[in-house]
Amino acid sequence: MPRVGEIEAALFKIAPRECAMEWDNVGLLVGKPGREVKKILVSLDITEAVAEEAHRWGADLIVSHHPVIFHGQKRVTDQDVTGRILLRLMECNLSAICMHTNLDIAEGGVNDTLAEWLSLRDVCRLEDTGVVRVGTLDAPMALTDFVRYISQRLNCNGVRYADAGRRVHRVGVGGGACGEFEDAAIAAGCDTYVTADLSYHQFVDAKAKGVNLIDAGHFPTEDPVCEEVIAYLQAQFPQVTIQKSTVHREVIQYYVEGV
């Protein structure tokens, strides 16, 4: 059976460590590189519920997108959420490998997967962003129809959007919090930009800038990459049992008056 370090090395082949942004924290964050791996649980995040799920299932390793150690954790106690997660991982002898901005940037990673799931064609990377992908639909589509399609395709609980009065044809996508690249998408000729965590003022200014904005949520725009990670790891390590978390899902709920 493969070791944790071998699986980390395989993941770095498709999402190299050097591609991660300098502030990021990627790779093996919890565990021993030499530990044998028979079962891997893949999840967008490592939450307390995911750690428990991995333990109950008998996993040896969790592979996630978002780092389980990220915001300058200075102690590991049960007095904060991250501390409790780390304690549980160690108590259950669970290793954790996290592939974050390196997987956002990687070919076939978060943003290529998002573009594929939204049926974009002739997809290219916006080099000055590193992460945003731009592609076109087979035929122009009304914005409301495209929003409905995104919601259904990504299984969103809700979608926020601003209508600039343009049909959807050339689309930029940035999974997760990529609102900072809105202007780059506009400069690339996009009539529509799909991302998450957009601010109020970005929606206010969308019509004046001439771009349809769609905030499809952080989890829905990034979670599809988990399926790609599973397929890759299964091909590399056919003897290992790999599955996606069944307990981790979109946590943001929406209430709309009169609906």
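Threonine 195 and aspartate 215 are bridge partners, the aspartate belonging to strand E10. In this predicted model, the pairing that brings strand E9 together with E10 (residues 212–215) consists of four bridges, and the two strands run parallel. Between them, the chain leaves E9, passes through helix H8 (residues 200–209) and arrives at E10, a β-α-β crossover that is right-handed.

Strand E9 also pairs with strand E8 (residues 168–173), again in parallel fashion, here through three bridges. Within this pairing, valine 171 sits opposite threonine 192 of E9. Helix H7 (residues 182–187) joins E8 and E9 in a β-α-β unit, and this unit is right-handed. Strand E9 is thus a handy place from which to view the region, with E8 as one partner and E10 as another.

The side chains of E9 (residues 192–195) repay a closer look. Thr192 and Val194 point one way from the strand, while Tyr193 and Thr195 point the other way. Such alternation between the two faces of the sheet is what a regular strand shows. On both sides of E9, these four residues are buried.

A look at the surface takes the reader further along the chain. Val251, Ile252, Tyr254 and Val256 together make a nonpolar surface patch of about 370 Å². One of these residues, valine 256, is found in the segment that follows strand E11 (241–244). Valine 256 counts as partly exposed because its relative accessibility is 49%, and the exposed class calls for over 50%.

Technical notes
Residues are numbered from 1 along each chain as its sequence is written. This is a predicted model: local features need pLDDT of at least 70, side-chain atom pairs count only at pLDDT 80 or more; totals for chains, interfaces and linings use all residues. Side-chain values use heavy atoms; hydrogens and water are left out. Buried means under 20% relative accessible area, exposed over 50%, partly exposed in between (1.4 Å probe, protein chains only). Two strands pair if DSSP finds at least two bridges between them. A crossover is right-handed if, with the strands pointing away from the viewer, the path from the first strand over the helix to the second runs clockwise. Patches are made of residues with over 30% relative accessible area and no salt bridge: like charges are joined within 9 Å, nonpolar side chains (Val, Leu, Ile, Met, Phe, Trp, Tyr) within 5 Å. Accessible areas come from the Shrake-Rupley method with a 1.4 Å probe; for residues, only the protein chains shown count as cover. A salt bridge is a side-chain nitrogen of Lys or Arg within 4 Å of a carboxyl oxygen of Asp or Glu.
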